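Thanks for coming. I will talk through how the protein sits against the DNA, one strand at a time.

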There are 4 protein chains.
Amino acid sequence: MNTSDQGTGGTPAPKRKDARRNQRTLLEAAAAAFVDAGVEAPVRDIAARAGVGMGTIYRHFPTRADLIIAVYRHQVDACAEAGPALLASSPTPYAALEEWIGLFTDFLVTKHGLAAVLQPDHPQFETLHASFLDRLVPVCDQLLDAAADHGEIRPGYAGIELMRGVGNLCIGAGTDPRYDARRMVALLVAGLRRPAGNSAPAGR
Amino acid sequence: MNTSDQGTGGTPAPKRKDARRNQRTLLEAAAAAFVDAGVEAPVRDIAARAGVGMGTIYRHFPTRADLIIAVYRHQVDACAEAGPALLASSPTPYAALEEWIGLFTDFLVTKHGLAAVLQPDHPQFETLHASFLDRLVPVCDQLLDAAADHGEIRPGYAGIELMRGVGNLCIGAGTDPRYDARRMVALLVAGLRRPAGNSAPAGR
Amino acid sequence: MNTSDQGTGGTPAPKRKDARRNQRTLLEAAAAAFVDAGVEAPVRDIAARAGVGMGTIYRHFPTRADLIIAVYRHQVDACAEAGPALLASSPTPYAALEEWIGLFTDFLVTKHGLAAVLQPDHPQFETLHASFLDRLVPVCDQLLDAAADHGEIRPGYAGIELMRGVGNLCIGAGTDPRYDARRMVALLVAGLRRPAGNSAPAGR
Amino acid sequence: MNTSDQGTGGTPAPKRKDARRNQRTLLEAAAAAFVDAGVEAPVRDIAARAGVGMGTIYRHFPTRADLIIAVYRHQVDACAEAGPALLASSPTPYAALEEWIGLFTDFLVTKHGLAAVLQPDHPQFETLHASFLDRLVPVCDQLLDAAADHGEIRPGYAGIELMRGVGNLCIGAGTDPRYDARRMVALLVAGLRRPAGNSAPAGR
DNA sequence: GATGAATGAGGGTTCATTCAT
DNA sequence: GATGAATGAACCCTCATTCAT
């Protein structure tokens with residue numbers, strides 16, 4: 001596994017040292033701007049925070065999706081890697097699933113505005129959508145399968161839908177004190193549990 | 001008691017026949033525009049669809065919130081009224097809850113873009129938020145209470161959070177065939193069920 | 001002198017009694033609106049104050065100039081009529097002039113925004129300009145001539161320019177406590193006085 | 001000490017050569033537009049005249065007040081600087097005052113539409129008002145004081161009111177051949193003269 | 001490479017004026 | 001005649017994106 005940033009896709013790391021430093025500055029500035037103004041923060045603002053010109057941003061990240069992906073890259077990676085680890089260390093697969101979904105939820109909830117990005121509204125965001133989910137969905141699938149095999153949850157649920165569901169539940173988290181995204185996510189995951197006896201959720 | 005639009009409040013029906021017809025046209029155009037472009041669809045576009053000038057929209061609906069509320073008014077009313085009816089006709093309160101949430105979900109899923117509106121991001125949307133939720137939350141509370149009293153679900157969940165959760169799950173429904181909002185909503189509602197024995201969802 | 005409003009021009013008085021009442025209401029509403037928002041007050045506002053439709057205003061006063069003229073008609077008339085009276089009753093023609101200019105100034109200063117109307121900026125306002133000045137300029141000329149004949153002021157100043165000057169000095173009166181239009185008008189009129197010996201104002 | 005525009009404050013000169021040229025073009029276009037359409041000339045028109053996009057105007061002059069100030073900056077400065085010079089070179093302070101007011105009048109008369117700006121109507125124009133008057137009023141005060149000390153004029157008149165008065169007299173100059181603003185200004189200044197014997201202007 | 005100036009589409013809002021009812 | 005609904009031109013302002021320096 002080489003160190004150059006080629007894994008799942010994304011912008012290749014630039015050669016020159018100063019350019020690399022520049023890119024890091026940029027990502028930090030973007031992350032900060034995203035926190036304050038959402039992932040749709042004006043390019044000019046991000047550039048200003050980073051102390052660079054707007055052109056520099058466009059050079060490094062031709063589309064906004066590229067920038068967003070890069071900003072959250074590391075955290076997505078960390079989350080992906082946590083999956084197998086949790087499966088190995090948790091008492092049961094379901095517990096691992098709960099834990100892992102919790103990690104993902106924390107990630108989304110903390111990063112204000114990110115969740116909204118997983119919406120396939122804007123055409124440009126397909127890239128983005130794919131980039132995030134391609135990395136995490138297999139992990140989620142693995143956890144779901146393990147829990148299902150273990151008889152803890154009803155089978156037939158795909159990682160992709162669970163991820164999208166959790167993502168959606170996290171939209172707007174933190175803006176309304178009466179809405180606690182984590183509680184709702186917990187409810188969703190609880191819904192997966194094999195019911196005591198009857199009354200399986202229909203799903204239509 | 002005349003049939004004109006006096007129910008719960010909102011924009012009073014205009015006097016003149018043509019204006020009334022116009023208002024209806026407007027609402028239909030807006031609904032269509034919302035489906036295609038979300039509730040932030042440009043005023044100009046909505047006016048063009050309706051074949052009227054922009055001023056006409058501003059006359060009938062001074063703020064965007066007024067328009068949105070008016071567009072969904074009837075459906076929200078219908079949904080609110082369905083609650084008690086279902087409670088009376090269903091075998092158990094939980095069944096009524098399931099059914100009712102299904103209605104709400106259908107409403108949101110069909111009206112693409114509406115769900116995004118329940119986000120308390122934009123200040124203007126407080127009005128809107130209130131208008132929708134004030135009407136439906138009490139109904140949901142009633143159903144939740146009944147089901148809890150009946151021992152079918154765990155107590156302690158508020159209508160507001162469930163509504164928000166369901167609303168969120170419906171965001172972007174229909175844009176991705178792999179994501180079925182109704183399935184996820186069903187899962188969420190299933191999560192409310194009193195667990196057979198152990199392992200209550202934590203909720204943090 | 002007959003009572004029907006035909007003197008200097010303007011809208012002929014309508015025949016029916018209710019229409020005449022309507023017109024009075026309109027003028028009062030317009031006057032009030034002009035005080036609050038200047039002579040450019042939105043037609044809709046004036047109509048609303050008068051409790052009539054906008055169409056009614058357009059019927060009675062096809063152009064804004066017509067309305068403005070009508071609103072100030074009586075006061076302009078009164079001012080015009082005061083000229084000869086003052087000339088007859090004042091100790092000297094100059095005193096009459098001072099007094100009369102004072103009346104005119106009071107009229108303009110009180111009627112916020114009117115002064116700005118005497119500006120020949122907007123083409124439409126020629127009508128207006130003429131209407132006001134045609135009535136008052138001869139009076140002013142008469143007073144100037146009398147004072148000049150009496151040796152109290154330097155000859156060669158026309159009523160039209162003095163009126164315009166006074167009108168201009170009244171623009172914006174009342175918006176800035178440091179600017180007292182009446183003081184400046186008094187200065188202007190004082191400037192007309194035949195100088196003791198030397199240094200006649202050049203005028204370039 | 002470089003020549004770039006750092007004097008009294010205002011918009012800093014941009015770094016790039018093309019931007020600087022652009023700014024000049026803009027100022028000329030704005031000046032021309034102001035002459036034709038007043039200081040409220042549409043941003044689009046000014047931009048079109050200058051052959052630039054509207055954004056360019058907003059970049060250089062974020063508010064309309066900034067633009068207006070910049071347009072008249074140099075001339076206001078020149079006028080301000082002329083005051084002390086005239087005082088030094090003129091035979092008497094009153095002569096200097098006459099001369100200086102003449103300069104100010106020429107400035108206003110030539111720049112049709114500027115005078116209207118000194119009206120404190122629109123809130124935004126406070127900035128503007130201040131910017132112009134803060135520069136010139138002290139000069140005028142100095143001249144008034146000198147003339148008063150010299151016994152040439154009656155004391156008690158403030159620069160601010162004289163400036164406003166002159167400004168007002170210049171409104172609409174050049175649109176009506178029968179109105180010569182310079183003549184009226186001369187009259188106003190003549191009114192300041194200590195009267196031969198009696199009859200001081202009242203001022204109310 | 002980096003910069004940030006310039007562009008201009010895009011969206012909101014107001015209000016004089018016309019004209020169906 | 002009176003009404004007030006509808007029209008749409010005219011403005012304002014923002015910001016993604018390009019490209020000269």
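Which residues are the closest to DNA strand E? They are Arg44(B), Asn22(D), Gly53(D), Thr56(D) and Arg59(D), out of 34 residues that surround the strand; a residue counts as near if one of its heavy atoms lies within 4 Å.

Some ground rules. This is a predicted model, where local features need pLDDT of at least 70 and side-chain atom pairs count only at pLDDT 80 or more, while totals for chains, interfaces and linings use all residues. Residues are numbered from 1 along each chain as its sequence is written, chains are lettered from A and ligands numbered from 1 in the order in which they are written, and side-chain values use heavy atoms, leaving out hydrogens and water.

Back to strand E. Sugar or phosphate makes up 57% of its atoms within 4 Å of the protein, and bases the rest. For polar contacts (pairs of N or O atoms within 3.5 Å), the side chain of Tyr58(B) has an N or O atom 2.8 Å from a phosphate oxygen of DNA strand E. For the side chain of Tyr58(C), that kind of distance is 3.3 Å. H3(D) gives the most to the surface near this strand, five residues.

Now DNA strand F. It is surrounded by 32 residues, with Asn22(B) and Thr56(C) among the closest. Of its atoms that come within 4 Å of the protein, 61% are sugar and phosphate. Val43(D) places a backbone N or O atom 3.0 Å from a phosphate oxygen of strand F. Arg44(A) reaches a base instead: a side-chain N or O atom is 3.3 Å from a base nitrogen. Here the largest share of the surface, five residues, comes from H3(B).

Technical notes:
Polar contact = N/O pair within 3.5 Å; in protein donor to acceptor, adjacent residues only side chain to side chain. Helix = DSSP H or I, 4+ residues; strand = E, 2+ residues; numbered from the N terminus.
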